[in-house]
Amino acid sequence: MENEIKQFTVSIYTENNIGLLNRISAIFQRRHINIESLNTSPSEIEGVSRFTIVVNITESQMKKIQGQIEKQVEVIKAYYHTEEEIIYQQSCIFKMKSNLLFDERQIQNIIKESNARIVTVNRNFFVIEKSGRKEEIDLLHRELSVFGIMQFTRSGRIAVTKDEMKISTMLLALEH
Amino acid sequence: MKETQTVQNNTKNTEATERISGSEAIIKCLLAEGVDILYGYPGGAIMPVYDELYKYQDKIHHVLTRHEQGATHAAQGYARISGKVGVCMATSGPGATNLITGIADAQIDSTPMVCITGQVGSHLLGSDAFQETDIVGISTPVTKWNCQVTKASQIPEAIAKAFYIARSGRPGPVLIDITKDAQFEEFDFKYEKCKGVRSYKPVPDTDKNTLKAAAELINNAKKPLIVWGQGVILGKAEQEFKAVIEKAGIPSAWTILGASAIPTSHPLNVGMVGMHGNYAPNVLTNECDLLIAIGMRFDDRVTGNIETYAKQAKIIHFDIDPAEIDKNVKTDVAVLGDAKASLEALLPLLNANSHIEWHQKFKDLYNIEFEKVIKNDLHPTKEGLTMGEVLKEINIQTKGDAAIVSDVGQHQMIACRYAEFNKSKSNITSGGLGTMGFALPAAIGAKMAAPDREVIMIAGDGGYQMTIQELGTIFQQKVPVKIVVLNNEFLGMVRQWQQLFFDKRYASTEMTNPDFIAIAKGYSIEAKKVTERKDLKAAVKEMIDCEGPYFLEVRVEKEGNVFPMIPTGASVSDIRLD
């Protein structure tokens, strides 16, 4: 089981520092592991950042990398989770020509059925936003690409765990 | 992406402060951390700090090396023999990049070191200014921690943190890059030592249950083997380690960096493991029923083929670094924590034992190794001096009290195999990185840190010439190191591999060497060359008796090989004796 390649979502709680992204990404780069997705943001704790990284590796590699990440001085804690253990989302934005909205009636159905949202419309273009799993976003991309997409971008995965994350209590203990 | 500074302003100064420049603050911080010697090389972006060093030269001794790489290795030698933090300094750009080899060496060998680099003014960052290089980016993968300082007020906290991180937990190198404007800027200085970093736990808690489990395995083992590494030395756990092995009667072998933690002559010391280690501990690694690893990291040069490494044995791993557990070898019991505390707590849980029959196996295999290898190395009968007999002569004449600083290659393996040590921290060598050119500058640092000790550098003709310019440092600083070059006119270890695995195609391994004696004499270093066995003893004596630095070149056999040897990819138990 440990040697089967799986998708892992790594959540890393860190101090908010210049250079830490470089230090963390180097851990993957050095082992020739591609980062599928990366997101940095504030976390539930004030002043603590959270990295969310998605990689496809074996669990035994994952454990070692978790150790290497936690070894970094400014990393507070690193966790990794399988797909089943988390609730996750990505979001994406499509920019398309405005005339499509009127000429291709199907587009409105696609937007509606995919639970996407029109963010803005002007004379020249309109912008669709969609949050969801990667497969849902891929599907929407396929459906819209028939009509011609002016611009497309997708964010990194963000995720929360189903189980409680004990980071907050651990941090409180550290501070007192 | 991120906006806050690496080091937050220390604005809570309520106590008395003094208004000084950033560069003077750097010196005051170093003094507060107990730094008495630092190694470095000046240049444009670090000049304000050198100007302060000039003013403080009665308090802090700056050693001008001949290359920044030499400064790092000197700082490493200083750290390795003393257990203190080595400090080096360089300017921006090429000065900073020249530190990288030494930093990488210190990182892989867990050597505490603080490197301070000057950087172009903060308004020039990112502009490809003269001698600007992204040294924080470049050094990130090879430092334990690094940061850039752009304001004078950040200096005290950055340096305090640097020393704390370098020396605590599993030690390592840190780098602080300080822009030139921060060096000039005046601010209200106050220094406080760092007592902790929120996100950093230097020593993991030891779980008492793991200690109990370890003790139970040890008490029930019939054929236990200990392999210890530098963790015993870095953790200052030599006495506790000795007490544990003596009580439990366990044969104990060392990794290259673990050497000298207990005396070579200790009856439970069964020699070195690994590629050119001793026969018995390598072979019996695959026969023991319990392998107890203490402060070592199962390097591939130690384990040989990992798939066939100690598969029959249960494995206990003591380490301070949780990332080492199960990294290379899956353990049955992992005891996290500081070696000294862990071994002290383990001792009362152990039953006294002697394992007499098991010990006999080590003796039997030693006798085989003696007949096939050691006898020829140390007591050669054929013509041509061996590296081993030089080591033997040094052992005899220093009575095992010298610190041996070796370079990288055949002579290093011979030095580690045959040097006799009475004291800990006596084997100073580049283990993990295998940095040729390490020895000469490292010996300078070691001798300056321990002036009362005999420090003998041993290098090959290849590695010696990689940092030979440091003879200039020895000359200027009058550092009485003893320099031994075992000259076989080859890059010997590579040549040995070419002989064994590349059908003797000696591609670029033969060296046409200069007159080493003339070079040494050019630096006013007393020098002698030995080409015959009969002259060796007197030459070594002359070297030891010499009060100043001394250079001894020994012409050794050209195509000598180091055995035993575990060929790459082979199992430890398939170690070759010839």
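The following questions and answers concern contacts and packing in a predicted model.

Residues are numbered from 1 along each chain as its sequence is written, and chains are lettered from A, with ligands numbered from 1, in the order in which they are written. Because the model is predicted, local features need pLDDT of at least 70 and side-chain atom pairs count only at pLDDT 80 or more, while totals for chains, interfaces and linings use all residues.

User: Is Ile116(B) buried or exposed?

Analyst: Ile116(B) belongs to strand β5 (residues 113-119) of chain B; strands (E, at least two residues) and helices (H or I, at least four) are DSSP runs, numbered from the N terminus. A residue counts as buried if 20 or more other C-beta atoms, placed from the backbone, lie within 10 Å of its own, as exposed if 12 or fewer do, and as partly exposed in between. Ile116(B) has 27 such atoms within 10 Å and is therefore buried.

User: Which residues is Ile116(B) in contact with, leaving aside its neighbours within four places in sequence?

Analyst: Contact requires C-beta atoms, placed from the backbone, within 7 Å. One partner, Ile26(B), is 90 residues away in sequence, with a C-alpha to C-alpha separation of 9.3 Å. Beyond the four-place window, the contacts of Ile116(B) are Ile26(B), Met89(B), Ile176(B) and Ile178(B).

User: Which element gives the most to the side of chain A that touches chain B?

Analyst: Between the chains, 21 residues of chain A are in contact with 19 residues of chain B. On the chain A side, β1 (5-15), α1 (20-30), α2 (59-70) and β4 (75-82) each supply at least two residues. The most, 5 residues, come from α1(A).

User: How many residues of domain 1 of chain A are in contact with domain 2 of chain A?

Analyst: Domain bounds come from an automatic or database domain assignment, which gives domain 1 (5-86) and domain 2 (88-158) in chain A. The C-alpha centres of these two domains of chain A lie 30 Å apart. Facing 5 residues of domain 2 of chain A, the number of contacting residues in domain 1 of chain A is 7.

User: Which residues of α14(B) meet α11(B)?

Analyst: The axes of α11 (residues 238-248) and α14 (residues 339-346) of chain B come within 8 Å and cross at roughly 30°. The two helices, α11(B) and α14(B), are therefore roughly parallel to each other, a term for angles under 35 degrees. Opposite Glu240(B), Phe241(B) and Val244(B) of α11(B), the residues of α14(B) are Lys340(B), Leu343(B), Glu344(B) and Leu346(B).

Notes. Contact = placed C-beta atoms within 7 Å. Axes fitted to C-alpha atoms, helices over the stretch in contact; angles between N-to-C directions. Parallel < 35°, antiparallel > 145°, perpendicular 65-115°, else oblique.
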